[in-house]
Amino acid sequence: MKEQIREHIGAAFMGGKGAPSDAQPLFTSGIIDSLGFIRLMSFLEKTFEVSIDVSQITIENFDTVERIARVVEASRRT
Amino acid sequence: MRGHEAEHDELKRAAAAFAARTLNDDVARRDREEDVSLPGWKACAEFGLQGMLVAPEYGGAGMDLRAVVATLEGLGYGCRDRGLVSSLNAHLWGCVQTLNDFGSAGQKVELLPGLVDGRWIGANAMTEPESGSDALALRTRARRTDDGYVLDGRKCFVTNAPAAEVFIVYARTGDGPAFSSLSCFAVRAGTPGLSVAPPASKMGLRTSPMSDVFFSECRVPSSARLGAEGSGAMMLMSTMEWERSLVLAVAVGGMEYQLEQCAEQVARRVAGNHPLRQRQAVTQKLAEMKLRLEAGRGLLYRAVELKRAGKSAFMESMLAKIALSEAGVANARDAMQIHGGYGYMSEAGLERELRDALGSTIHSGATEVLKDAVAMLLLAGSAGLAGRKGGGTA
Ligand SMILES: Cc1cc2nc3c(=O)[nH]c(=O)nc-3n(C[C@H](O)[C@H](O)[C@H](O)COP(=O)(O)OP(=O)(O)OC[C@H]3O[C@@H](n4cnc5c(N)ncnc54)[C@H](O)[C@@H]3O)c2cc1C
């Protein structure tokens, strides 16, 4: 899953020039902005067939690939 | 959804009957004099409108979203006081729902019951003189102290501000990229350092009060922050998704009522020796009005179904907002034209409906801004523009 998220972020937000590491900040570094957030949410919902609870929506939960994957995992379980 | 159709029809009918019976007194005069109806506000609360999506433990009804939409459509069908509706929308989508989604149990216990039972009015203070469409460029600061924050800044066009008890305020808490540097606060009226300007006069929605709000060394405790520090922009986007999806559900009912009036007028009116119903230039307008109404309604339902399924509906909420706001303006104009000279007279109420409708293409994201965001999302989906950054809250 992490690999898919990494690939998507690399292609969609880093101009296809590489991909982020698991711990690289995405929102606090400005790699992903408001429009990017919409695209990321829609990617996660479609690719992993999850709905992400509004209580999970924090910068902290979404700032790295590692944490995004954790949110998706948790959403799958509920 | 189908199985609930009868139930939704009943909710819609009940809300329409309630509104027609209770909310329409003296609307023309109150519009002229910008007279806000507090009895109307309380009546709405008694009917349950302020707490539709709030859980029973906080005084609400915990209704299903589709039932909420049916109720709002009924309200629009029966209520001619669109200013009151505008205040209700600002309260619901800019304040109550934000608390509902992001408030802690303590914040909900403190704030929701009063906002639901009609004692209090909520407001959303996001826009600033230098940042409207590009909301994330806001400059109001919230500086951290040992036990809370100090707010400094100015907000404008805040619906309900002159009457509000609870202000949902977005402010900068960090110096990084805007999207991860905003935080959201619930600030009570009367907090030292918070001041509200006298109500501003406006073109339409005149029975809904609006004004600037100032924060000057306004100290709030940490417990006034909703959600996590730095997550305010994400919360704002969630709030805007609610607002754009649902703010014009009432307008759907309003357009339905307006169209019935127009059809009756066209069926009845004989201009000189010629019945209007034989004039295609007139009857075509009826069809166009219906088309806009139903297209907008379809987009509204699409956004609502996504939200009911727990999915994000950013794009769909923008499409619904664009379609219904533009439909509201176009239909109000057609309604006036169909009624001729009488339509232009204040007595008919149609000029007020046109004035009221015009604001909807500006608030909650102007049509142009939303179209721009929709286009950027489409373009970003095609490889060519990968990585392009968007402005605004969209
Ligand atoms: C009836 C009403 C109620 C409101 N209630 C509230 C409230 O309760 N709380 C609150 O905080 N605010 C409220 N507002 C303010 C509202 O959100 C802003 O007016 C709106 O976001 C537009 O911002 P602006 O007025 O600064 O216009 P600007 O941002 O200066 O834009 C002016 C025009 O330029 C165009 N434009 C701007 N940016 C773009 C772009 N990126 N792409 C294409 N075109 C663009 C649009 O046509 C826009 O109408 C309300 C406004 C109205 C009319």
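# Ligand, domains and chain contact

User: What does the backbone of Phe157(B) do around the ligand?
Analyst: In this predicted model, a backbone N or O atom of Phe157(B) sits 3.2 Å from a nitrogen atom of the ligand.

User: And what about Met126(B) and Thr127(B), which atoms of theirs are involved?
Analyst: Met126(B) places a backbone N or O atom 3.0 Å from an oxygen atom of the ligand, whereas Thr127(B) uses a polar side-chain atom, which lies 2.7 Å from a nitrogen atom of the ligand.

User: How many residues surround the ligand, and which are the closest?
Analyst: There are 16 residues around the ligand, and the closest of them are Asn124(B), Thr127(B), Ser133(B), Phe157(B) and Glu368(B).

User: Where do those fall in the domains of chain B?
Analyst: Chain B is split into domain 1 (5-120), domain 2 (123-230) and domain 3 (248-382), so by the definition of these bounds, which come from a domain assignment, Asn124(B), Thr127(B), Ser133(B) and Phe157(B) belong to domain 2, while Glu368(B) belongs to domain 3.

User: OK, how far apart are domain 2 and domain 3 of chain B, centre to centre?
Analyst: The C-alpha centres of domain 2 of chain B and domain 3 of chain B are 32 Å apart. The contact itself involves 5 residues of domain 2 and 4 residues of domain 3, and the two domains bury about 450 Å² between them, with 66% of that area on carbon and sulfur atoms.

User: Which three residues supply most of the area on the domain 2 side?
Analyst: Ser133(B), Met203(B) and Leu205(B) together give 83% of the area that domain 2 of chain B buries against domain 3 of chain B, more than any other three residues. Ser133(B) is also listed among the closest residues to the ligand.

User: How many salt bridges and polar contacts are there between those two domains?
Analyst: The rule finds 0 salt bridges between domain 2 and domain 3 of chain B, but it does find 2 residue pairs in polar contact. On the side of domain 2 that touches domain 3, the residues by class are 2 nonpolar, 2 polar and 1 charged.

User: Switching to the two chains, how much area do B and A bury?
Analyst: Chain B and chain A bury about 2200 Å² between them, and 66% of it is on carbon and sulfur atoms. The contact draws on 30 residues from chain B and 25 residues from chain A.

User: How many salt bridges and polar pairs cross it?
Analyst: Across the interface of chain B and chain A there are 0 salt bridges, and 5 residue pairs are in polar contact.

User: Which helices of chain B face chain A there?
Analyst: Helix 5 (82-102), helix 7 (232-246) and helix 13 (367-381) of chain B each supply at least two residues of the side that touches chain A, and helix 13 has the largest share, with 4 residues. That side of chain B is made up of 15 nonpolar, 11 polar and 4 charged residues.

User: So how many salt bridges are there over all chains?
Analyst: The count over all chains comes to 32 salt bridges. One of them joins the side chains of Asp22(A) and Lys2(A), at 3.5 Å from N to O.

User: Why does that pair tie together separate parts of chain A?
Analyst: Asp22(A) is in the loop between helix 1 (2-13) and helix 2 (34-48) of chain A, and Lys2(A) is in helix 1, so the pair links parts that lie 20 residues apart in sequence.

Technical notes:
Residues numbered from 1 in each chain as written. Chains lettered and ligands numbered in written order. Predicted model: local features only at pLDDT ≥ 70, side-chain atom pairs only at ≥ 80, totals over all residues. Heavy atoms only, no water. Contact = heavy atoms within 4.5 Å. Buried area = accessible area lost by both parts, 1.4 Å probe. Salt bridge = Lys/Arg side-chain N within 4 Å of Asp/Glu carboxyl O. Polar contact = N/O pair within 3.5 Å; in protein donor to acceptor, adjacent residues only side chain to side chain. Nonpolar A, V, L, I, M, F, W, Y, C, P; charged D, E, K, R; others polar. Near = heavy atom within 4 Å.
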